[in-house]
Amino acid sequence: MDRFAWQDGVAFVAGLVVLVAPELWGDNAGEQPLMVLGALLMTAGLWALLGGQGVPSWAATAFALLIFVAPWAFGFTGAHASAWTAWIAGGVAAIVGLWGATQAHGGKPAAA
């Protein structure tokens, strides 16, 4: 599958941001789910950047979507810093991941 390295880089950076955000904002709201999901997204992005085989682009997209819904699922929508970090980082990584996962040669959708 032809993918650009910048898409994997976006997944890595988004995962890193989500991983360290609870410590930066100083509130513990959603700390555990954000750290776990951020680490998973960061690992999937790094694995793809390093050319690892076996991790489809859909895995990083799934982690990004889980990060996006985490404020609702784990009940920290009232903690604005943590929730907005999850929504922005998860949303951007999910959009880029979906776009990258569906692209193939010449911009045609990739076969499943």
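Let us start with helices H2 and H3, which in this predicted model pack with their axes 9 Å apart and at an angle of about 155°. Since angles over 145 degrees count as roughly antiparallel, H2 and H3 are therefore roughly antiparallel to each other. Their crossing is left-handed.

Which residues form this contact between H2 and H3? On the H2 side, they are Leu37, Gly38, Leu40, Leu41 and Ala44. On the H3 side, they are Ala60, Phe63, Ala64, Leu66, Ile67 and Ala70. By class, the contact of H2 with H3 comprises 10 nonpolar residues, 1 polar residue and no charged residues.

I turn next to the other neighbour of H3. The axes of H3 and H4 come within 8 Å and cross at roughly 155°. That angle makes H3 roughly antiparallel to H4. H3 passes H4 in a left-handed crossing. From H3, the contributing residues are Ser57, Trp58, Thr61, Ala64, Leu65, Ile67, Phe68, Pro71 and Trp72. They meet a set in H4 that includes Ala83, Ala86, Trp87, Gly90, Gly91 and Ala93. Also among the H4 residues in this contact are Ala94, Gly97, Leu98, Ala101 and Thr102. Divided by class, the contact of H3 with H4 has 14 nonpolar and 6 polar residues, and no charged ones.

One residue of H4 merits a separate remark, namely Leu98. Is Leu98 buried, partly exposed or exposed? Its relative accessibility is 36%, and because partly exposed covers the range between under 20% and over 50%, Leu98 counts as partly exposed. Leaving aside residues up to four places away in sequence, Leu98 touches Trp58 and Thr61, and both of these appear on the H3 side of the contact with H4. In addition, the C-alpha atom of Leu98 is separated by 9.9 Å from that of Gln7, although their positions lie 91 residues apart along the chain as a separation in sequence.

Finally, the core. The largest nonpolar core has 17 residues, and those with the most contacts inside it are Leu41 and Ile67. The elements that give two or more residues to this core are H1 (5-25), H2 (31-49), H3 (57-73) and H4 (80-102).

What does Leu41 touch, not counting residues up to four places away in sequence? Its partners are Ala11, Ala14, Gly15, Ala60, Phe63, Ala64, Ile67 and Ala93. Leu41 also belongs to the H2 side of the contact with H3, while Ile67 is listed for H3 both in its contact with H2 and in its contact with H4.

Definitions and conventions:
Residues numbered from 1 in each chain as written. Predicted model: local features only at pLDDT ≥ 70, side-chain atom pairs only at ≥ 80, totals over all residues. Heavy atoms only, no water. Core = buried A, V, L, I, M, F, W, Y, C linked by side-chain atoms within 4.5 Å. Buried < 20%, exposed > 50% of the residue type's maximum accessible area, 1.4 Å probe, protein only. Helix = DSSP H or I, 4+ residues; strand = E, 2+ residues; numbered from the N terminus. Contact = heavy atoms within 4.5 Å. Axes fitted to C-alpha atoms, helices over the stretch in contact; angles between N-to-C directions. Parallel < 35°, antiparallel > 145°, perpendicular 65-115°, else oblique. Left-handed = near helix turned anticlockwise from the far one by under 90°. Nonpolar A, V, L, I, M, F, W, Y, C, P; charged D, E, K, R; others polar.
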